[in-house]
Amino acid sequence: MTLKSLLLGATAASCLGLAAHAERGADGHVNVIYWQAPSIMNPYLSGGTKEIEAASLVIEPLGRYNEKGEMVPYLVEEIPTVENGGVAEDLKSITWKIKPGLTWSDGTAFTATDVKFTADYCMNPEGGCAQLAKFEGVESVEVIDDLTVKVNFADAQPNPYGPFMGGQSPIIQAAQYAECTGARASECAEENFAPIGTGPFKVDEFRPNDVISLSANPEYRDPEKPAFATMTFKGGGDATAAGRAVLETGEFDYAWNLQLAPDVIANMEEAGQGEALAAFGTLVERIEVNLTDPSPDLPEGERATAAHPHPFLTDPAVRQALSMAIDRVLLTEIGYGKAGKPTCNWVPGPDIYASDNTECLTQDIEGAKALLDEAGWTDSDGDGVRDKDGVELSLLFQTSTNAVRQDFQALIKQWWSEIGVETELRNISASVFFGGDPGSPDTFQKFYADVEMYANLFDGTDPQNYLASRTCGKAPRPESQWQGENINRFCDPEYDELVKELGRTADLNERAEIAIKLNNMITRDANVIIPLVHRGRVSAKSNTLGGVVLNVWDTELWNAADWYRIKE
């Protein structure tokens with residue numbers, strides 16, 4: 001399948017979204033399958049994409065990003081700007097005007113108090129909020145009146161749209177979560193499994209790591225939406241089974257994130273039950289390098305923390321050699337075809353923010369060997385594994401269970417063996433790996449391995465909050481319930497200062513220049529993130545599902561209220 005045909009499918013789906021339905025629930029039931037099963041319905045307690053996606057059906061932000069990356073109002077009358085008076089001239093505050101008459105699914109009024117509560121909930125230092133970077137620079141949030149809320153920033157904020165914009169920063173109900181703040185946040189199972197929301201659906205039953213049963217929100221602001229009375233959100237399995245369930249058997253209407261070879265998807269489409277949709281955004285498959293020691297010999301609570309630096313991955317030469325040994329072009333051909341692009345960037349777009357790095361695109365095995373030789377890593381005992389001062393280059397490489405990722409692991413292990421690095425491979429169920437359970441040793445946040453591979457993205461079109469996620473204070477640790485976005489525990493005061501400078505800079509071109517510097521610091525210069533493939537998002541819909549508009553800038557379910565059944 002060519003990328004052109006995939007994009008034509010996405011365009012056709014967008015056109016179908018223009019049709020209207022006249023009565024809430026008139027189109028019956030819709031089935032959605034995500035091969036990574038959500039473990040919670042609160043994105044503030046999990047950075048996993050599957051949790052953010054599922055929760056977006058129920059809880060909403062004040063504004064969202066559409067399929068073009070444009071900001072659109074959802075729970076507010078308009079997007080605040082300097083021009084309309086919503087953003088202060090000094091860029092130190094943003095004021096949101098809530099639409100009148102909004103209610104939660106329990107029938108109570110949605111007010112500015114709920115918005116302020118959400119900010120306080122996430123910014124509570126004892127809560128371990130997974131989306132804390134969205135509130136970077138926020139000094140306070142104040143209620144002006146029931147329908148007006150003002151966010152104050154400590155310094156001028158040229159991009160003030162972190163809080164309450166996009167699927168990663170939805171509003172939660174103050175009344176429901178009143179007793180779930182701080183250290184108690186992760187203990188409130190009922191609230192975290194079934195949040196009261198303003199979205200098109202409400203949770204009827206939530207079975208963690210399995211299935212969610214939802215029904216139309218009777219209080220939804222548009223009386224004609226959603227068209228579907230009920231939804232089954234099935235989680236688990238693998239991408240192949242999910243693709244078949246939509247494209248071959250027609251058992252499901254929508255399948256998310258089909259990480260499958262293009263020819264496999266094309267073969268599935270031949271059954272005539274559905275079509276694949278694709279678009280490029282900011283999704284990068286990459287390797288994270290652990291700068292702390294994950295050894296099980298360390299006491300629990302000290303593993304993978306700043307108290308114990310990694311015995312060899314703190315050597316820049318080792319990290320650079322690992323990157324140099326990888327053939328990104330081959331990985332892209334095998335794993336994604338034309339729905340992927342080999343990349344050296346952690347931030348691949350929008351174009352203005354994308355660095356022109358290309359040096360990593362050429363595999364250099366001999367150069368990697370020479371670099372390790374120069375750094376003193378040699379095979380002193382002839383066993384094929386380099387060592388130095390009694391430390392061997394032997395690492396554990398983990399990722400989620402997925403056919404493409406296991407293929408990548410096998411190839412990378414071979415390339416690393418060619419430069420004298422021994423690699424043990426491990427794959428973990430995606431539901432566990434991305435689950436965020438502070439009691440599990442197998443989450444990507446806890447990072448009890450030397451390197452790990454996964455992909456995520458940032459919503460919206462500005463990478464400031466995404467880049468801010470790698471500042472020193474955002475590393476997962478026991479005190480934060482192992483929540484946090486600085487997965488590799490990178491800490492560079494110069495990087496932190498540059499993030500602050502980005503937050504003070506209003507000119508778009510200057511912002512782009514700073515963002516590119518930050519990207520280069522963490523990739524090309526430090527190699528603590530080793531980018532592999534800029535992935536085009538590929539999902540699938542049934543031929544009878546209308547209104548789907550694939551969105552790479554927000555959640556894929558961002559416009560589920562507009563979905564409808566195409567009648568034959």
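**Group meeting: a few spots in a predicted model**

Okay, let's start with Phe-201, which sits in strand β7, the run covering residues 201–207. Before I go on, bear in mind that this is a predicted model. Phe-201 has a relative accessible area of 1%, so we call it buried. What does Phe-201 touch, if you skip residues up to four places away in sequence? The list includes Leu-57 and Val-58, then Leu-214, Ser-215, Ala-216 and Asn-217, and also Pro-226, Phe-228, Met-231 and Ala-560. One more pair for your notes: Phe-201 and Ala-55 are 146 residues apart in sequence, and their C-alpha atoms are 9.8 Å apart in space.

Next up, Arg-537. You'll find Arg-537 in strand β18, residues 529–542. Buried or exposed, what would you guess for Arg-537? Buried: the relative accessible area is 5%, and the cut-off is under 20%, so that's how Arg-537 gets the label. Now, who does the side chain talk to? The Arg-537 side chain has a polar contact with the side chain of Glu-556, at 2.9 Å. A polar atom of that same Arg-537 side chain also lies 3.5 Å from the backbone oxygen of Asn-551. Setting aside neighbours within four places in sequence, the contacts of Arg-537 include Glu-53, Leu-277, Ala-278, Ala-279 and Leu-457. Leu-550, Val-552 and Asp-554 are among them too, along with Asn-551 and Glu-556.

Moving on to Leu-322, in helix α8, residues 316–324. Leu-322 comes out at 1% relative accessibility, so this one counts as buried as well. Not counting neighbours within four places in sequence, Leu-322 is in contact with Leu-313, Leu-395, Trp-416, Ile-419, Val-421 and Ile-530. As for Tyr-44, the gap to Leu-322 is 278 residues in sequence and 33 Å in space, C-alpha to C-alpha.

That contact with Leu-395 takes us to β15, which spans 394–400. Why do I say β15 is largely enclosed by the rest of the structure? Because six of its seven residues are buried. β15 pairs with β16 in the parallel sense, over seven bridges. To give you one of them, Thr-399 has Asn-427 in β16 as its bridge partner.

Those two strands show up again in the second largest pocket. β15 and β16, the latter being 422–428, each supply at least two residues of its lining. Which element gives the largest share of that lining? β16 does, with four residues. The pocket holds about 380 Å³ of space, and 20 residues line it. Nearest its centre are Pro-294, Ser-295, Pro-296, Leu-396 and Asp-450. If you care about chemistry, the pocket lining splits into nine nonpolar, four polar and seven charged residues.

Last item: cavities. How many of 30 Å³ or more does a search of the whole structure find? Two. The second largest cavity has about 50 Å³ of space. Its lining includes Lys-134, Phe-135 and Glu-136, then Phe-153, Gln-157, Asn-159 and Pro-160. Gly-162, Pro-163, Gln-464 and Asn-465 are in the lining as well. By type, that lining divides into four nonpolar, five polar and two charged.

That's my tour. Shout if you want any of these up on the screen.

Conventions. Residues are numbered from 1 along each chain as its sequence is written. This is a predicted model: local features need pLDDT of at least 70, side-chain atom pairs count only at pLDDT 80 or more; totals for chains, interfaces and linings use all residues. Side-chain values use heavy atoms; hydrogens and water are left out. Buried means under 20% relative accessible area, exposed over 50%, partly exposed in between (1.4 Å probe, protein chains only). A polar contact is a pair of N or O atoms within 3.5 Å; within protein, one must be able to donate a hydrogen and the other to accept it, and residues adjacent in sequence count only if both atoms are side-chain atoms. Contact means heavy atoms within 4.5 Å. On a 1 Å grid over the protein atoms alone, a cavity is a set of points where a 1.4 Å probe fits but cannot get out, and a pocket is an open set with protein on both sides within 12 Å along at least five of seven lines; lining residues have an atom within 4 Å of a point. Grid points are joined across faces, edges and corners, and a volume is the space filled by probe spheres set on the points. Ala, Val, Leu, Ile, Met, Phe, Trp, Tyr, Cys and Pro count as nonpolar, Asp, Glu, Lys and Arg as charged, and the others, Gly among them, as polar. Two strands pair if DSSP finds at least two bridges between them.
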